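Student: I'd like to go through this structure label by label. For each label, show me the value and the cut-off behind it.

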Amino acid sequence: MFKAIVYVTLRESVIDPAGSAVKTSLHSLGHDEVGDVRIGKYIELEINLKDRQAAEERAQEMCQKLLANPAIEDYRYELQEV
Amino acid sequence: MNVAVIVFPGSNGSLEMDKAVQDCLEHKVDYVRHTETDLSNYDVILLPGGATFGDYLRPGAMASVTPIMAEVKQAAAEGKLVLGVSNGFQVLTEAGLLPGAFLQNEKPKFRTESITVKVDNNETPFTLDFVKEESIQLPIAHGFGNYYCEEETLRRLEQNQQIVFRYEGQNPNGSVAAIAGIVNEAGNVLGMMPHPERATQDWLGSVDGRRVFTSILKYWRDKNGAA
C-alpha cells in the first residue's frame, strides 16, 4: 500500500487573495520579514495498490482529473510506501 | 418544453429556479438528482446556485464528476439548452463545458448585493428578449466569482462573441474583462454568476431576470414551432 501526499497550489500567474490577507495579518504581528504568502491544499490519499508504477499513474490521473484544476492550479505529489 | 433542474448535495437555488420557471413561463419543472443517468426527456437543463459538495476542493469540482454530468455533456452536445447560474456556472467550467476557472473574489469577501450588468450579446438563446448593450439589475451572491482565463482564451471568447454579460461600473470580484456570463462556442450553454432567478418580481427588487427565461421559451418555440 502507498500513501500519496498531494500539494495543490495556485499557479504563479494567479493572484491569491487568501495569501495576501494572511500576509497583511503577519505584518500586523510585526513580521515585516514576510514577503509573498501563498496558500495551497494538502491532501493525503491512501492508495491500495501493490505496484509503485501503478500507484504513480493513478495518483497522476486523480490530480489531473479532480484534485487540481490545470487552468488555475499546479500540483505535485510524493508517494510513500506504507 | 421539458425543463430539468439538476440537484446536487448543497444546491440551494433549486426552488428559486423552479419558481422562476413557474412564474415567468407558467411551466412545470422536474428536479433531477446528481445520481441519475438519463436526461433524454428534457429540452432545457438548469444548474442552480449553491455550494455543491460543500465547495470542498474547488467550487463545482466534485459536482462536475457526478453521473448526471455525463448526461449534461451529452445534452449539450445535442444542442439542448443548458444554463448554469453561480455555482452552476462553476460546475460548467469544472466539467469543461465552458472555458476558464473560478478564483476567490479579488477582495476575499462573500458579496451579496444587486449589481449592474451589461448585455453584451443579445443573440443567444438566453438573451433574445434583451436589447444589445442594455444595462440590467441582477443580484449576486458569491465568494468565488472571480472568473479567470488565459489571454488566448479571452481573445477567443471576444472574437466569437461568447461574452454575454459583463459587470458595469464596478467589477465585484475581479473577473477577467469584467466577465459575468459566457456561452460555449455553439451558443447553447450559458454560465452566469448573477442570479436571474432571483430577479423575477418587483418585490425582489428587479424583474430583469425574467427575460432570461422568456428568451429560452421564445428560442424553443421558434425552433420547435410549439409551446
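**Labels and their reasons**

Student: Why is B:E197 called buried?

Tutor: Its relative accessible area is 3%. The cut-off for buried is under 20%. B:E197 meets that cut-off, so the label holds. Keep in mind that this is a predicted model.

Student: Where is B:E197 found?

Tutor: In chain B, B:E197 sits in the loop between β11 and α5. Leaving out residues up to four places away in sequence, B:E197 touches B:E16, B:M17, B:A20, B:V85 and B:F213.

Student: What makes the pair B:E197 and B:H195 a polar contact?

Tutor: The side chains are joined at 2.7 Å. The limit for the N or O pair is 3.5 Å, with one atom able to donate a hydrogen and the other to accept it. The 2.7 Å value is within that limit, so the distance test is passed.

Student: At which residues does UniProt place the feature "active site"?

Tutor: The record, an unreviewed entry, puts it at B:H195 and B:E197. Such annotations may be inferred rather than shown by experiment. Of these residues, B:H195 is included in the lining of the largest pocket.

Student: Is B:H195 buried or exposed?

Tutor: B:H195 is buried, because its relative accessible area of 1% is under 20%. Its place is in the loop between β11 (189-192) and α5 of chain B.

Student: What does B:H195 touch, not counting residues up to four places away in sequence?

Tutor: B:G49, B:V85, B:S86, B:L138, B:P139, B:I140 and B:A141. With B:S86 there is also a polar contact, side chain to side chain, at 3.4 Å. That value falls within the 3.5 Å limit, so the pair counts.

Student: Why is B:R111 called buried?

Tutor: The value is 19%, and the cut-off is under 20%, so B:R111 qualifies as buried. This residue belongs to strand β6 of chain B. Its side chain makes a 3.2 Å polar contact with the side chain of B:Q170. Apart from neighbours within four places, the contacts of B:R111 are B:N105, B:I140, B:A141, B:H142, B:Q170 and B:P172.

Student: Then why is B:K118 called partly exposed?

Tutor: Its relative accessible area is 21%. Partly exposed lies between the 20% and 50% cut-offs, so B:K118 belongs there. B:K118 lies in strand β6, residues 111-119 of chain B.

Student: Which residues is B:K118 in contact with, leaving aside its neighbours within four places in sequence?

Tutor: B:E133, B:E134, B:S135, B:V164, B:F165, B:R166 and B:E168. B:G209 is 91 residues away along the chain, and its C-alpha atom is separated from that of B:K118 by 13 Å.

Student: What makes a space a cavity rather than a pocket?

Tutor: In a cavity a 1.4 Å probe fits but cannot get out, whereas a pocket is an open set of points. The whole structure has two cavities of 30 Å³ or more. The largest cavity holds about 40 Å³, and the second largest about 30 Å³.

Student: How do you know the class make-up of the lining of the largest cavity?

Tutor: Read the residues: B:M1, B:V3, B:V21, B:L25, B:V44, B:L46, B:F213 and B:I216. Met, Val, Leu, Phe and Ile count as nonpolar. So the lining has eight nonpolar, no polar and no charged residues. Three elements of chain B each supply at least two of them: α1 (14-25), β3 (44-47) and α5 (210-224).

Student: And what is the lining of the second largest cavity by class?

Tutor: Two nonpolar, two polar and one charged. The residues are B:P59, B:Q90, B:T93, B:E94 and B:F102. Glu counts as charged, so B:E94 fills that class. Helix α3 (residues 87-94) of chain B gives the largest share, three residues.

Student: What is the volume of the largest pocket, and what lines it?

Tutor: The volume is about 530 Å³. The lining has 32 residues, with B:R58, B:P59, B:L103, B:Q104 and B:F144 nearest the centre. Both chains take part: β1 (2-10) and α1 (17-28) of chain A, and α3, β5 (101-103) and β7 (135-142) of chain B, each give two or more residues. By class, the lining splits into 15 nonpolar, 11 polar and six charged.

Technical notes
Residues are numbered from 1 along each chain as its sequence is written. Chains are lettered from A and ligands numbered from 1 in the order in which they are written. This is a predicted model: local features need pLDDT of at least 70, side-chain atom pairs count only at pLDDT 80 or more; totals for chains, interfaces and linings use all residues. Side-chain values use heavy atoms; hydrogens and water are left out. On a 1 Å grid over the protein atoms alone, a cavity is a set of points where a 1.4 Å probe fits but cannot get out, and a pocket is an open set with protein on both sides within 12 Å along at least five of seven lines; lining residues have an atom within 4 Å of a point. Grid points are joined across faces, edges and corners, and a volume is the space filled by probe spheres set on the points. Helices (H or I, at least four residues) and strands (E, at least two) are DSSP runs, numbered from the N terminus. Buried means under 20% relative accessible area, exposed over 50%, partly exposed in between (1.4 Å probe, protein chains only). Contact means heavy atoms within 4.5 Å.
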